[in-house]
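Here is a dialogue between a learner and a teacher about how to read a protein model. Keep the sequence and the structure in view while following the turns.

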Amino acid sequence: QVQLVESGGGSVQAGGSLRLSCVASGYTYTGNCMGWFRQAPGKEREGVAAIYTGDTSTYYADTVKGRFTISQDNAKNTVYLQMNSLRPEDTAMYYCAADRSALCYLRLRIWDLSRFGYWGQGTQVTVSS
């Protein structure tokens, strides 16, 4: 079955960096959409970044543009989230997710993340001021 396993979370001071990894298994990795989401206590889950594995097109929430970079290694079925210039408001549980539905890349273009239906267990990121 589909499995997504995140790693790389931790605690850093404001201005620091972290790199999250997500290893996917149980399905054909390429040709799907992968995304990173986060949820802070008392807040709704929000999309952070997404990538279409077919052509590596990337998409970002406005709150992280210029600071976060999503990338992938198809040979390892792995997607990464490089987070630089971290801020206390980036503190959250970060989740990797997959959208395996057809034409997912078209939805990414309009930041429609509603079809992400496979989720990892999450990794905590804490940024102190």
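**Reading the disulfides, cores and rings**

Cys96 counts as buried, because its relative accessibility is 0%. The model in which this is seen is a predicted one.

Q: Which residue does Cys96 join in a disulfide?
A: To recognise a disulfide, one looks for two cysteine sulfur atoms within 2.5 Å of each other. Here Cys96 is joined to Cys22, with a distance of 2.1 Å from S to S. Cys22 is buried as well, because its relative accessible area is 0%. Since Cys22 belongs to strand 3 and Cys96 to strand 9, the pair ties together parts that are 74 residues apart in sequence.

Q: How many disulfides are there, and in what pattern are the cysteines bonded?
A: The count comes to 2 disulfides, and they follow the pattern 1-3, 2-4 when the bonded cysteines are counted along the chain. Besides the pair already described, Cys33 and Cys104 form a disulfide, with their sulfur atoms 2.1 Å apart. This pair links distant parts of the chain, for Cys33 is in strand 4 and Cys104 is in helix 1, 71 residues apart. Both Cys33 and Cys104 are buried.

Q: Which disulfide is left-handed, and which is right-handed?
A: The thing to read is the torsion about the S-S bond. For Cys22 and Cys96 this torsion is about -75 degrees, so their disulfide is left-handed. For Cys33 and Cys104 the torsion is about 85 degrees, so that disulfide is right-handed.

Q: Which residues touch the most other members of the largest nonpolar core?
A: A nonpolar core is read as a set of buried residues of certain kinds that are joined through side-chain atoms. The largest one in this model has 30 residues, and those touching the most other members are Leu4, Met34, Val79, Leu81, Met83 and Tyr94. Among the elements that give two or more residues to this core are strand 3, strand 4, strand 8 and strand 9. Apart from it lies another core, of 10 residues, which includes Cys33, Ala50, Tyr52 and Ala97.

Q: What is Leu81 in contact with, leaving aside its neighbours within four places in sequence?
A: With those neighbours left aside, the contacts of Leu81 include Leu18, Leu20, Trp36, Val48, Phe68, Ile70 and Tyr94.

Q: How many aromatic pairs are found, and how are the rings of Phe37 and Phe116 arranged?
A: A search of the whole structure finds 3 aromatic pairs. One reads such a pair from the distance between the ring centres and the angle between the planes, and planes over 60 degrees apart count as edge-to-face. The rings of Phe37 and Phe116 are therefore edge-to-face, with their centres 5.2 Å apart and their planes at 70 degrees. The two residues are 79 residues apart, Phe37 being in strand 4 and Phe116 in the loop between helix 1 and strand 10.

Q: Why is the pair of Tyr52 and Tyr105 tilted?
A: The planes of the two rings are at 40 degrees, with the centres 4.9 Å apart, so the pair is tilted. Tyr52 lies in strand 5 and Tyr105 in helix 1, so the pair ties together parts that are 53 residues apart in sequence. Tyr52 counts as buried because its relative accessibility is 15%, whereas Tyr105, at 26%, is partly exposed.

Q: Over which rings does Arg45 lie?
A: Arg45 lies over the face of Phe37, at 6.0 Å from the ring centre, and its charged end also sits over the ring of Trp119, 3.9 Å from the centre. Phe37 and Trp119 belong, with Phe116, to a cluster linked by ring pairs.

How values were computed. Residues are numbered from 1 along each chain as its sequence is written. This is a predicted model: local features need pLDDT of at least 70, side-chain atom pairs count only at pLDDT 80 or more; totals for chains, interfaces and linings use all residues. Side-chain values use heavy atoms; hydrogens and water are left out. A nonpolar core is a set of buried Ala, Val, Leu, Ile, Met, Phe, Trp, Tyr and Cys residues joined through side-chain atoms within 4.5 Å. Buried means under 20% relative accessible area, exposed over 50%, partly exposed in between (1.4 Å probe, protein chains only). Helices (H or I, at least four residues) and strands (E, at least two) are DSSP runs, numbered from the N terminus. Contact means heavy atoms within 4.5 Å. Rings of Phe, Tyr and Trp (its six-membered ring) pair if their centres lie within 6.5 Å; planes under 30 degrees apart count as stacked, over 60 as edge-to-face and the rest as tilted. A charge sits over a ring if NZ of Lys or CZ of Arg is within 6 Å of the ring centre and within 35 degrees of the ring normal.
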